[in-house]
Amino acid sequence: MSRNRSLAVVLAVGLVALSPALMAQEEVLNLYTARHYPTDEALYAGFTKQTGIKVNRIEGGEDALLERIKAEGANSPADVFITVDIGRIWRADQAGIFAPTKSALLEKRIPAAYRDPRDKWFGFSARARVIAYNRDMVKPGEITRYEDLADSKWRGKLCTRSSAHPYNLSLTASMVNHLGEAKAKAWVEGVKANLARDPKGGDTDQLRSVAAGECAIAIANQYYYVRLMRSSKPADRKVVEKVAIVFPNQGDRGTHMNISGGGVLKHAPHPDAAIKFLEYLASDQAQAHFANGNNEWPAVPGVKFDNPALASLGDFKSDEINVAKLGQAQPVAQQLADQAGWK
Ligand SMILES: [Fe+2]
């Protein structure tokens with residue numbers, strides 16, 4: 001064998017050995033996500049480390065991403081869509097973008113309340129909508145239920161973000177489910193009548209307003225409060241000193257819960273990678289990440305996490321209604337808020 005020929009053989013063998021590795025490296029998952037928490041980066045890196053599948057992440061506003069998926073149609077490169085709040089997940093589902101995912105693992109790991117009965121979407125983290133109050137203005141035990149938010153005793157003392165925001169629509173949808181439409185209507189009217197000011201800002205702004213005494217009570221997702229607990233800024237710590245939170249309805253149905261989650265898309269070019277990705281999100285490692293990174297609870301029960309501030313909120317009774325029902329009731333919730341003039 002000439003030197004040139006042996007070199008060629010060595011090269012050919014090398015290429016054959018290399019090509020599967022090259023192909024494996026090229027395996028990708030295209031993720032469209034409306035979660036824009038900086039800590040999510042490490043979450044996706046964990047998937048790549050475990051599977052070798054590269055995650056191409058496209059971030060965007062919730063509505064913009066959904067519009068993009070719809071516009072791209074059958075040519076969409078997106079494999080998985082992840083967003084926050086059942087209201088948005090439900091809207092995406094209504095648009096027909098998800099394919100059902102049959103996964104024994106997801107079925108076993110994710111509680112029934114946090115996934116679609118038709119397997120089109122799954123919740124991977126859970127958040128509670130809690131009542132916050134000013135410790136100087138409200139005594140412990142003075143407000144214990146969502147129903148209390150509409151009590152005339154709180155006239156002019158309640159701060160909220162807009163009624164049209166999915167977090168509030170989902171809470172209202174929960175009231176529609178549990179109280180029926182007529183009582184939910186009265187509740188929305190009571191909430192509107194109790195507002196200290198026109199709705200503005202996000203949940204953190206409501207917590208700050210409670211701390212400043214502009215309002216005695218407010219509604220917020222718990223992770224905003226925990227974020228302030230973990231902040232190194234003195235102003236944030238001051239808010240936590242002034243404000244306490246209550247897990248509502250502990251004596252009856254439990255606290256209203258919401259999810260962040262998503263599903264595999266109907267036109268996913270890499271459906272196998274997509275299912276693997278969802279299963280990864282349900283793993284102990286990824287589940288703990290939701291708690292450690294963004295102060296949400298793992299959707300999977302019993303997963304250990306390392307977030308003392310979140311853990312300090314303690315155990316509580318959560319509402320076990322299937323969140324799909326909160327999605328279905330969004331239009332009624334919106335209608336009630338509009339009728340009551342809760343902006
Ligand atoms: Fe949020």
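This report walks through a predicted model of one chain, from its overall layout down to a few single residues.

Two ground rules come with it. Residues are numbered from 1 along each chain as its sequence is written. Since the model is predicted, local features need pLDDT of at least 70 and side-chain atom pairs count only at pLDDT 80 or more, while totals for chains, interfaces and linings use all residues.

**Overall layout**

Along its principal axes, the C-alpha trace of the chain spans about 95 × 40 × 35 Å. The secondary structure comes to 15 helices and nine strands. Those are DSSP runs numbered from the N terminus, with helices being H or I of at least four residues and strands being E of at least two.

Of the 343 residues in the chain, 46% are buried. Here "buried" is about C-beta atoms placed from the backbone: 20 or more others within 10 Å makes a residue buried, 12 or fewer makes it exposed, and anything in between is partly exposed.

As for contacts, two residues are in contact if their C-beta atoms, placed from the backbone, lie within 7 Å. Take the contacts between residues at least 6 apart in sequence, and 79% of them join residues at least 24 apart.

**Two domains and where they touch**

The domain assignment splits the chain into domain 1 (3–126 + 258–311) and domain 2 (127–256 + 322–340). Such bounds come from an automatic or database domain assignment. Taken over C-alpha atoms, the centres of domain 1 and domain 2 are separated by 31 Å. The contact takes 21 residues from domain 1 and 17 residues from domain 2.

Which elements give two or more residues to the domain 1 side of that contact? They are α4 (86–94), β4 (122–134), β8 (257–264) and α13 (308–311). Of these, α4 gives the most, with five residues. By class, the domain 1 side that touches domain 2 has 11 nonpolar, six polar and four charged residues. The classes work like this: Ala, Val, Leu, Ile, Met, Phe, Trp, Tyr, Cys and Pro count as nonpolar, Asp, Glu, Lys and Arg as charged, and the others, Gly among them, as polar.

**Helices α7 and α15**

Helix α7 (residues 181–194) packs with helix α15 (residues 330–340) at an angle of about 45 degrees, and their axes are 9 Å apart. For the geometry, axes are lines fitted to C-alpha atoms, for helices over the stretch in contact, and angles run from 0 to 180 degrees between N-to-C directions. The two helices are therefore oblique to each other; under 35 degrees would count as roughly parallel, over 145 as roughly antiparallel and 65 to 115 as roughly perpendicular, with the rest oblique. The crossing of α7 and α15 is right-handed, that is, the near helix is turned clockwise from the far one by less than a right angle.

On the α7 side, Glu-181, Ala-184, Lys-185, Val-188, Glu-189 and Lys-192 meet Val-332, Leu-336, Ala-337 and Ala-340 in α15. The residues of this contact divide into six nonpolar, no polar and four charged.

**Helix α8 and what covers it**

Helix α8 (residues 203–211) is mostly covered, with seven of its nine residues buried. Those are Asp-203, Gln-206, Leu-207, Arg-208, Ser-209, Val-210 and Ala-211. The cover includes β4, β5 (158–159), β6 (217–221), α9 (222–229), α10 (234–242) and β7 (243–246). Just after α8, Gly-213 takes a positive phi of about 80 degrees.

Gly-213 also turns up as a neighbour of Met-137: not counting residues up to four places away in sequence, Met-137 touches Gly-213 and Ala-216. Met-137 and Tyr-223 are 86 residues apart along the chain, and their C-alpha atoms are separated by 23 Å. For Gly-251 and Lys-317, 66 residues apart along the chain, the C-alpha separation is 8.6 Å.

**Four loop residues side by side**

| Residue | Loop | C-beta atoms within 10 Å | Class |
|---|---|---|---|
| Asp-85 | β3 (80–84) to α4 | 25 | buried |
| Asp-119 | α5 (104–109) to β4 | 17 | partly exposed |
| Met-137 | β4 to β5 | 14 | partly exposed |
| Gly-251 | β7 to β8 | 9 | exposed |

The two aspartates have a backbone quirk as well. Asp-85 has a positive phi of about 85 degrees although it is not a glycine, and Asp-119, not a glycine either, has a positive phi of about 65 degrees.
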